Amino acid sequence: MNELFRKLLFLPEQASTIAKDVDYLHYIIITTTMVAATLIFGTAAYFIIRFRRRSETEITPKVTGTFGWEALFVGLPLTTFLVWFFMGYHDFVRMQTPPPEAMDVYVVGKQWMWKFTYPEGPSAIGVLRVPVGKPVRLLLTSRDVIHSFYVPAFRIKQDAIPGAYTQTWFEVTKPGNYRVMCAEYCGLKHSEMWAEVVALSEQDYESWMRQQREGDLVTRRDATPSGPERERSLLPARQAALYDPQEAHGEVMYAERGSLAERGERVAAEKGCLKCHTVDGTEHIGPTWVDLYMRRERLTTGETVVADEAYLTESMMKPLVKLVAGYEPVMPSFQGQLEAAEVAALLEYIKTLRSARLNDVESKGPVYEPIGGK
């Protein structure tokens with residue numbers, strides 16, 4: 001029945017764990033509306049014939065409504081819409097809540113290409129390689145305008161916004177190649193902003209990842225194809241994503257060695273972040289980065305926020321919008337000064353700064369050290 005409905009509605013294949021649930025809700029809504037429409041038009045046709053005016057002298061009798069009919073006509077549609085809402089809300093929460101064990105991939109949208117960076121080190125343009133059967137969380141941002149990361153076979157679509165991080169996740173159910181498109185008009189070549197998700201078996205993915213960690217990634221600049229990909233010709237989606245490695249692409253992180261966290265440590269030193277933030281837990285001008293990721297921070301407004309990727313990115317770009325209580329508003333904005341890949345590297349570096357403490361720790365006020373021993 002699932003395949004019958006999918007083909008009747010011209011839907012793409014179902015290649016993720018959430019795809020069938022999204023389609024089932026689609027089937028239920030379509031079926032319910034078609035049945036309701038048939039009943040409404042059928043009843044209307046019956047009334048037109050049954051209660052038509054048979055002579056010019058015929059007078060329409062006065063019709064008095066009853067509470068039962070009114071309750072039925074109001075309650076039945078309301079109940080139907082509420083059932084749809086709760087079904088959709090259940091799927092929405094599931095789609096917006098990545099599993100704790102999900103692997104992270106940073107995604108940058110840029111006119112007109114998609115760039116992918118793995119915390120383990122390798123990067124790629126136009127091709128995202130993931131293992132089958134493992135949840136993958138995408139942390140999306142944009143370098144220029146709003147883009148929308150859309151994979152029809154996975155039934156996922158998420159906006160990529162400049163200066164902020166959004167997230168979505170998926171789990172591929174079978175190996176294959178799946179088209180990625182931009183679903184938000186972003187300029188002249190919007191329709192050519194393609195990429196491809198290559199789903200590999202766990203063994204092939206581990207083999208590919210080992211290959212990326214070997215050799216000179218600086219001269220290669222981009223992730224190389226996996227074994228299964230080399231055995232078949234390039235598909236149109238990957239052909240459209242090919243690029244010239246000699247052309248300037250603006251992402252300074254692609255030509256660097258080491259993991260994303262190691263790159264983040266270098267960025268923190270180069271951009272002066274460590275002048276105000278410590279990495280050993282001691283208090284200073286700004287909150288310490290130790291145990292910062294996912295920590296609950298109290299703001300000057302009295303609100304409490306969780307220091308996740310979205311908040312940390314916002315704090316880099318708009319540091320005065322959500323100021324942590326007890327600290328002076330002295331942090332400058334890094335909007336336009338940090339590349340998207342540099343922000344991703346800083347986030348991964350902050351995630352690695354964990355202490356042995358398991359309890360939540362809130363930031364205290366700054367500590368100012370006297371100059372010259374005074």
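**Exercise 1. Determine which strand five bridges join to S6, and how the two strands run.**

Solution. Five bridges link S6 to strand S7 (residues 156-160), and the two strands run antiparallel. These assignments refer to a predicted model. One position in the pairing is Ser-148, which stands opposite Asp-159 in S7. Next, consider the connection: S6 and S7 form a hairpin with four residues between them. Within that turn, Arg-155 has a positive phi of about 60°.

**Exercise 2. Find what else pairs with S6, and state how many of its five residues are buried.**

Solution. Step one: strand S9 (residues 176-182) is joined to S6 by two bridges, and this pair runs antiparallel. Step two: take Tyr-150, whose bridge partner in S9 is Met-181. Step three: S6 covers residues 147-151, and four of these five are buried, which leaves the strand mostly covered.

**Exercise 3. Classify the packing of helices H2 and H3 from the angle at which their axes cross.**

Solution. Two packed helices are described by the angle between their axes and the distance between the axes. H2 spans residues 19-50 and H3 residues 67-95; their axes come within 10 Å and cross at roughly 165°. Angles over 145 degrees count as roughly antiparallel. H2 and H3 are therefore roughly antiparallel to each other. The crossing of H2 past H3 is left-handed. On the H2 side the contact includes Val-22, Leu-25, Ile-28 and Ile-29, and on the H3 side Trp-84, Met-87 and Gly-88 are among the residues involved. Sorted by class, the contact between H2 and H3 holds seven nonpolar, four polar and three charged residues.

**Exercise 4. Do the same for H8 and helix H10, using the angle at which they pack.**

Solution. The axes of H8 and H10 (residues 340-352) are 7 Å apart, and the helices pack at an angle of about 105°. The range for roughly perpendicular is 65 to 115 degrees. H8 is therefore roughly perpendicular to H10. Residues of H8 in the contact include Leu-260, Arg-263 and Val-267; among those they meet in H10 are Glu-342, Leu-346 and Tyr-349. The contact of H8 with H10 divides into eight nonpolar, two polar and four charged residues.

**Exercise 5. Locate Arg-295 and decide whether it is buried or exposed.**

Solution. Arg-295 lies in the loop between helix H8 (260-270) and strand S11 (296-298). Its relative accessible area is 4%. Buried means under 20%, so Arg-295 is buried. As a last step, compare sequence and space: Arg-295 and Val-305 are ten residues apart in sequence, and their C-alpha atoms are 8.2 Å apart.

Conventions
Residues are numbered from 1 along each chain as its sequence is written. This is a predicted model: local features need pLDDT of at least 70, side-chain atom pairs count only at pLDDT 80 or more; totals for chains, interfaces and linings use all residues. Side-chain values use heavy atoms; hydrogens and water are left out. Buried means under 20% relative accessible area, exposed over 50%, partly exposed in between (1.4 Å probe, protein chains only). Two strands pair if DSSP finds at least two bridges between them. Axes are lines fitted to C-alpha atoms, for helices over the stretch in contact, and angles run from 0 to 180 degrees between N-to-C directions. Angles under 35 degrees count as roughly parallel, over 145 as roughly antiparallel, 65 to 115 as roughly perpendicular and the rest as oblique. A crossing is left-handed if the near helix is turned anticlockwise from the far one by less than a right angle, and right-handed if clockwise. Contact means heavy atoms within 4.5 Å. Ala, Val, Leu, Ile, Met, Phe, Trp, Tyr, Cys and Pro count as nonpolar, Asp, Glu, Lys and Arg as charged, and the others, Gly among them, as polar.
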